[in-house]
Amino acid sequence: MLTLSYFPILWKYAEIIMIPKPGKPPHEPTSFWPISLLPITSKLFERLLLKIIRDEHDPSTLLPSHQFGFRERHSTIHQVHRIVNEIVTSLEEKKYCNAVFLDISEAFDRIWHPGLLFKLKHALTSNNYLLLKSYLADSNFAVRHNYNLSDDYPFEAGVPQGSVLGPLLFLIFTADIPQAGHTTIASFADDVAVLSANKYPVSATRHLQTNLNTLAECYTRWWIQVNQARSVQVTFTTRTKVCPPLTFNNAPIPVAAEGKYLGLRLDQLLTWQTHIRAKRRQLDIKFRQMLWLLGRNSKLSLNNKLFLYKGVLKTFWSYGVQL
């Protein structure tokens, strides 16, 4: 396969199962998470090819420095720390930090294959490019529901959910997003935040709007869709004023008093009060669900209860506690 740059067609067949989302109506397709079950041999070879690509290409030159997703020694906490540090600095200097948290719709499912192949051809060696071109071509899938299996359909866009190479292909596809001056971009896979700090709210908005305009042009060119209604604009400041509103693709971005990024809620003064309250609610709900295992009437040993606490409950409040 490495010599011929050919990916077998039998390894490019995905069986999709639908995982229901809690509390969603079962008759709507958007109420399910689609998970692709791929051949084991295909995933083994993908892992081998991923190692070859990483050995032949330096990730620092292949991917932008603001992209932390699916990279070694780059965690969500590291990325949120960049944002928090920017906000704290602006608060200490009595500036206005205008921030936008963009919501990209179905990012992995909407990757435009011709555009992805164009970028792969310029980023990778010819052998790796031809092999990935064969990997993307003539892929098919079927949807399984209980014991029923649908007809086969071709993959015309996106990368299979659960594939080993899918994250790398997405990162390469979005590696050239532009950044304007006086702004900070933080990306973790498809979670994108853009910030601009300035002493004057109008200037902060102007710099941020310039970057959003270039982002909108780039996303439109490569068929990346942003949901403006689910994106959020937040002004982090100790002043009474807020920054003027922003637009994306000529559509207004909703203004809120807090933004959520990578599981952490950031309020305007960065007091963490809303984040702690939300985590406390989640912890209470989960504890009530596990009360039959952790309560006094449970016959589990203390060591087993401690094991469940560390593995399940502790993760709710300890995530992001460094910040």
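**Helices α5 and α6 are among the elements that cover the buried residues of helix α4.** These buried residues are H113, G115, L116, L117, K119 and L120. A residue is called buried when its relative accessible area is under 20%, exposed when it is over 50%, and partly exposed in between, as found with a 1.4 Å probe on protein chains only. Helices (H or I, at least four residues) and strands (E, at least two) are DSSP runs that are numbered from the N terminus. An α-helix has 3.6 residues a turn, so residues three or four places apart point the same way. The structure is a predicted model, in which local features need pLDDT of at least 70 and side-chain atom pairs count only at pLDDT 80 or more, while totals for chains, interfaces and linings use all residues. Residues are numbered from 1 along each chain as its sequence is written, and side-chain values use heavy atoms, with hydrogens and water left out.

**The whole chain contains 10 helices and 13 strands.** Its C-alpha atoms fill a box of roughly 65 × 60 × 40 Å along the principal axes. Of the 323 residues, 43% are buried. A contact is defined by heavy atoms within 4.5 Å. Among contacts with a separation of 6 or more, 69% join residues that are 24 or more positions apart.

**Strand β7 (residues 184–188) has 5 of its 5 residues buried.** T184, A186 and F188 point one way, whereas I185 and S187 point the other way. In a regular strand the side chains alternate between the two faces of the sheet. Strand β7 runs antiparallel to strand β8 (residues 191–198), and 5 bridges join them; two strands are said to pair if DSSP finds at least two bridges between them. S187 has V192 as its bridge partner in β8. The two strands form a hairpin with 2 residues between them, and A189 in the turn has a positive phi of about 60 degrees.

**Four strands, in the order β7-β8-β3-β9, make an open sheet with antiparallel pairing.** Strands β7 and β9 (232–236) are the edge strands, each pairing on one side only. On average, neighbouring strands of this sheet are turned by 15 degrees against each other, direction ignored. For such angles, axes are lines fitted to C-alpha atoms (for helices, over the stretch in contact), and the values run from 0 to 180 degrees between N-to-C directions. Strand β3 (residues 96–103) pairs with β8 through 8 bridges in the antiparallel sense, and A99 stands opposite L195 of β8. Helix α3 (residues 76–92) packs on the sheet and touches β3, β7, β8 and β9; the direction of α3 makes about 160 degrees with that of β7.

**The largest nonpolar core has 49 residues, among which L102, L120, L212, Y219 and F248 touch the most other members.** Elements that give two or more residues to this core are α1 (40–56), β3, α4 (113–123), α5 (126–136), α6 (166–173), β8 and α7 (201–221). A nonpolar core is a set of buried Ala, Val, Leu, Ile, Met, Phe, Trp, Tyr and Cys residues joined through side-chain atoms within 4.5 Å. Beyond its neighbours within four places in sequence, F248 is in contact with L102, L212, L215, A216, Y219, V226, Q228 and I253. A second, separate core of 21 residues includes A186, F188, L195 and V234.

**A search of the whole structure yields 13 aromatic pairs.** Rings of Phe, Tyr and Trp (its six-membered ring) pair if their centres lie within 6.5 Å; planes under 30 degrees apart are stacked, over 60 edge-to-face, and the rest tilted. The rings of F101 and Y261 have centres 5.9 Å apart and planes at 40 degrees, so this pair is tilted. Because F101 belongs to strand β3 and Y261 to strand β12 (residues 258–261), the pair ties together parts that are 160 residues apart in sequence. Both F101 and Y261 are buried. The rings of F108 and F170, with centres 4.5 Å apart and planes at 20 degrees, are therefore stacked. F108 lies in the loop between β3 and α4 and F170 in helix α6, so parts that are 62 residues apart in sequence are tied together. F108 and F170 are buried as well. Ring pairs also link W112, F118, F173, W222 and W223 into a cluster.

**The count of disulfides in this model is 0.** A disulfide is a covalent bond between the sulfur atoms of two cysteines. Here it is taken as a pair of cysteine sulfur atoms within 2.5 Å. The closest cysteine sulfur to that of C243 is in C97, at 8.2 Å, which is too far for a bond. C243 is buried, with a relative accessible area of 6%, and C218 counts as buried at 5% relative accessibility.
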